[in-house]
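Please open the structure in your viewer and keep the selection panel at hand. The tour below proceeds stop by stop, naming what to select and what is found there.

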Amino acid sequence: MTVYDSKNIEFTWRNLTLTGTGDEYAYSITQQGDSIQAYKGVQGEGLNIINNQRSWLISRTFKADSPCLPALIEDNMNFIEDTLVVRDLNTGISDTFTDCVILNISGEQDSKTRTVTWSALYRNGR
């Protein structure tokens with residue numbers, strides 16, 4: 001029986017595999033907004049409709065001396081929009097986030113790690 005290794009997550013941004021992740025290998029994928037919104041019609045009828053305004057937030061921690069960090073900082077300053085692919089190498093499952101931009105890069109100048117946060121409109125085409 002193999003043990004699941006949380007370090008085996010691969011991020012690919014603009015066809016560049018991102019290396020130099022932080023010591024804690026922290027990453028998160030969350031959704032902003034509800035998938036369904038309640039709607040009340042003119043005649044008082046109630047129904048649920050799909051919320052097309054939701055978006056995804058993806059964050060990953062990198063070491064301050066990571067070789068990919070300067071490219072990510074430049075993409076952030078130039079407002080580059082592209083595709084982010086997150087692969088779980090343990091299970092072989094991957095998620096593709098399209099219409100994705102770097103929202104921010106946090107971390108103090110003298111800290112050992114920086115956290116990069118992307119915002120995406122679609123996950124796997126939806």
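A salt bridge is here a side-chain nitrogen of Lys or Arg lying within 4 Å of a carboxyl oxygen of Asp or Glu. The model on display is predicted, and by this rule the count comes to 4 salt bridges.

**First stop: Arg 14 and Asp 82.** Select these two residues; their side chains meet in a salt bridge at 3.5 Å, N to O. The pair links distant parts of the chain, with Arg 14 in the loop between S1 and S2 and Asp 82 in strand S7 (residues 81-88), 68 residues apart. Asp 82 is partly exposed, its relative accessible area being 30%. Arg 14 also counts as partly exposed, at 38% relative accessibility.

**Second stop: Asp 75.** Keep Arg 14 selected and add Asp 75; these side chains form a salt bridge of 2.7 Å, N to O. Arg 14 lies in the loop between strand S1 (9-13) and strand S2 (16-17) and Asp 75 in helix H1 (residues 69-77), so the contact ties together parts 61 residues apart in sequence. Is Asp 75 buried or exposed? With a relative accessible area of 8%, Asp 75 is buried, because the cut-off for that class is under 20%.

**Third stop: Asp 95 and Arg 123.** Move next to strand S8, which holds Asp 95, and to strand S9, which holds Arg 123; the two residues are 28 apart in sequence. Their side chains meet in a salt bridge of 2.6 Å, N to O. Asp 95 is buried, at 13% relative accessible area, whereas Arg 123 is partly exposed, at 24%. Before leaving the salt bridges, display Arg 14, Asp 75 and Asp 82 together: salt bridges that share partners join these three residues into one network.

**Fourth stop: the S8-S9 hairpin.** Select strand S8 (residues 93-106) along with S9; the two run antiparallel and are joined by 8 bridges. Within this pairing, Cys 100 stands opposite Ala 120 in S9. The strands form a hairpin with 6 residues between them. In the turn, centre the view on Gly 107, which has a positive phi of about 130°.

**Final stop: S6 beside S9.** Which strand does S6 join? Select S6 (residues 55-63) and S9 (residues 113-123): 8 bridges join them, and they run antiparallel. Here Ile 58 stands opposite Trp 118 in S9. While inspecting the strands, recall that in a regular strand the side chains alternate between the two faces of the sheet.

Notes:
Residues are numbered from 1 along each chain as its sequence is written. This is a predicted model: local features need pLDDT of at least 70, side-chain atom pairs count only at pLDDT 80 or more; totals for chains, interfaces and linings use all residues. Side-chain values use heavy atoms; hydrogens and water are left out. Two strands pair if DSSP finds at least two bridges between them. Helices (H or I, at least four residues) and strands (E, at least two) are DSSP runs, numbered from the N terminus. Buried means under 20% relative accessible area, exposed over 50%, partly exposed in between (1.4 Å probe, protein chains only).
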